[in-house]
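Visitor: Got a minute to walk me through this one? I'd like to know what sits where before I set anything up.

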Amino acid sequence: MSAVTDLLAVLPIISQPTAGAVLPVMEQFYTIQGEGFNTGRAAYFIRLGGCDVGCVWCDVKESWDADAHPRQAVADLVAAVLAHPGRNVVVTGGEPLMHDCGPLTAALRAAGCQTWIETSGAHPLSGTWDWVCVSPKKFKAPRPEVLAAAHELKVVVFNASDFAWAEAHAAQVPPTARLYLQPEWSRAAGVTPAIIEYVKANPRWQVSLQTHKYLDIP
Ligand SMILES: C[S@@+](CC[C@H](N)C(=O)[O-])C[C@H]1O[C@@H](n2cnc3c(N)ncnc32)[C@H](O)[C@@H]1O
Ligand SMILES: Nc1nc2[nH]cc(C(=O)O)c2c(=O)[nH]1
Ligand code: SF4
Ligand SMILES: [Mg+2]
């Protein structure tokens with residue numbers, strides 16, 4: 001084989017975003033979890049590149065193209081986490097489940113970290129997670145096995161039709177899962193009053209705000 005055919009043979013392997021031990025990382029930062037059940041807790045965020053869900057109101061569209069973000073070895077990500085005092089790690093994106101999260105979560109857990117994921121649930125579940133937050137989307141349906149693994153269901157409310165849609169998904173998560181309604185950021189002023197009234201009338205739901213945006217932290 002020539003050097004060119006060698007390269008052609010290996011290209012599909014090295015260009016796979018999901019190889020697992022090396023992942024495309026858009027950004028990583030140590031901050032306070034701003035949303036949902038773990039709001040207020042210090043956490044190291046790893047934002048993986050790549051998403052094919054296409055939410056029109058996504059607040060991190062720069063994450064969508066996996067190839068736009070440098071690949072990092074899992075070992076280097078774990079070392080970066082351990083440079084901070086906190087041991088809670090949020091893996092988000094992009095859509096983290098477009099990648100094999102097995103190697104990353106195994107390495108984080110071996111290092112004594114708690115593994116938390118933020119996912120739309122639209123791709124197969126991989127990895128071992130201490131906390132699974134599923135935020136299902138109308139743009140690409142969540143998979144039943146991810147909904148079944150949810151500790152937390154967090155539905156973004158964009159308009160009034162989202163309450164019935166939220167109930168339909170609440171029926172697909174374990175009965176122990178915590179239920180959150182989160183205003184879509186650009187519409188927060190308009191939809192938050194309806195969320196407040198809905199939670200008062202349906203108290204198994206809770207309000208989730210993107211508190212980091214009010215605090216002006218990452
Ligand atoms: C950027 S997403 C990345 C993780 C995964 N792709 C997902 O959607 O769950 C992280 C969280 O932000 C929420 N989110 C994204 N854009 C939002 C917006 N404009 N307003 C409120 N929440 C938003 C998502 O629903 C999700 O819960
Ligand atoms: N502080 C903070 N909390 C968050 N919770 C979920 C986030 C996400 O983008 O996945 C996020 C985020 O981007 N920042
Ligand atoms: S699934 Fe998450 S990252 Fe992907 S477009 Fe929707 S909010 Fe953005
Ligand atoms: Mg965010």
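Guide: Sure. One definition to start with: helices and strands here are DSSP runs, at least four residues for a helix and at least two for a strand, numbered from the N terminus. With that naming, Cys51 sits in the loop between strand S2 (42-48) and strand S3 (71-73). Keep in mind that this is a predicted model.

Visitor: OK, and is Cys51 buried or exposed?

Guide: Buried, because 24 C-beta neighbours fall inside 10 Å, and the cut-off for buried is 20 or more. Beyond four places in sequence, Cys51 is in contact with Ser63, Trp64, Gly93, Gly94, Glu95 and Met98.

Visitor: What does UniProt list along with Cys51 as "binding site"?

Guide: Cys55 and Cys58 are listed with Cys51, in an unreviewed entry. Such annotations may be inferred rather than shown by experiment.

Visitor: Where's Cys55, then?

Guide: Cys55 is also placed in the loop between S2 and S3. Cys55 counts as partly exposed, because it has 19 C-beta neighbours inside 10 Å. Its contacts, leaving out residues up to four places away in sequence, are Lys137 and Phe139.

Visitor: Which residues are around ligand 3?

Guide: Cys51, Cys55 and Cys58 are among them, and so are Val53, Gly54, Val60, Ser63, Gly93, Gly94, Glu95, Ser120 and Lys137. By type, that shell has five nonpolar, five polar and two charged residues.

Visitor: And how many residues surround ligand 1?

Guide: 18 residues, the closest being Asp59, Glu118, Ser120, Ser135 and Trp185. Strand S4 (88-93), strand S5 (114-119) and strand S7 (152-157) are the elements that give two or more residues to that shell. The make-up is six nonpolar, seven polar and five charged.

Visitor: What about ligand 2, which residues are around that?

Guide: Thr31, Ile32, Gln33, Gly34, Glu35, Thr92, Glu118, His212 and Pro218. They split into two nonpolar, five polar and two charged. Glu118 turns up here, and Glu118 is also one of the closest residues to ligand 1.

Visitor: Which residues does the other "binding site" annotation cover?

Guide: According to UniProt, again from an unreviewed entry, Ile32, Gln33, Gly34, Arg47, Thr92 and Pro218. Ile32, Gln33, Gly34, Thr92 and Pro218 are in the shell around ligand 2.

Visitor: Tell me about Ile32. Which strand is it in?

Guide: Strand S1, residues 22-32. Ile32 counts as partly exposed because its C-beta neighbours inside 10 Å number 17. Setting aside residues within four places in sequence, Ile32 is in contact with Gly40, Arg41, Ala42, His212 and Ile217.

Visitor: And where is Pro218?

Guide: In the segment after helix H7 (211-215). Pro218 is partly exposed too, because 13 C-beta neighbours lie inside 10 Å. Past four places in sequence, Pro218 touches Phe29, Thr31 and His212. His212 is a contact of Ile32 as well.

Visitor: Switching topic: what's the overall fold made of?

Guide: Seven helices and nine strands. The radius of gyration is 18 Å and the globule rule gives 17 Å for 218 residues, so the protein is as compact as a globular protein of that length. The C-alpha atoms fill a box of roughly 70 × 35 × 30 Å along the principal axes. Of the 218 residues, 36% count as buried. Among contacts with a separation of 6 or more, 64% come from residues 24 or more positions apart.

Visitor: Got an example of a residue in a helix?

Guide: Take Leu147, in helix H4 (residues 144-148). Leu147 is buried, because 22 other C-beta atoms lie within 10 Å. Leaving out residues within four places in sequence, its contacts are Gly121, Val134, Pro142, His169, Gln172 and Val173. Leu147 and Leu181 are 34 residues apart in sequence, and their C-alpha atoms are 16 Å apart in space.

Visitor: Last thing: what does the predictor give for confidence?

Guide: For the complex, an ipTM of 0.99 and a pTM of 0.93. The protein averages a pLDDT of 93, with 91% of the residues scoring at least 70.

Visitor: Where does pLDDT stay under 50?

Guide: Over residues 1-18, for which the model has nine contacts beyond four places in sequence. Where pLDDT is low, the predicted coordinates should not be read in detail.

Technical notes. Residues are numbered from 1 along each chain as its sequence is written. Chains are lettered from A and ligands numbered from 1 in the order in which they are written. This is a predicted model: local features need pLDDT of at least 70, side-chain atom pairs count only at pLDDT 80 or more; totals for chains, interfaces and linings use all residues. A residue is buried if 20 or more other C-beta atoms lie within 10 Å of its own, exposed if 12 or fewer, and partly exposed in between; C-beta atoms are placed from the backbone. Two residues are in contact if their C-beta atoms, placed from the backbone, lie within 7 Å. A residue is near a molecule or strand if its C-beta atom, placed from the backbone, lies within 6 Å of it. Ala, Val, Leu, Ile, Met, Phe, Trp, Tyr, Cys and Pro count as nonpolar, Asp, Glu, Lys and Arg as charged, and the others, Gly among them, as polar. The radius of gyration is taken over C-alpha atoms; the globule rule is 2.2 Å times the number of residues to the power 0.38. pLDDT is the predictor's confidence in each residue, from 0 to 100.
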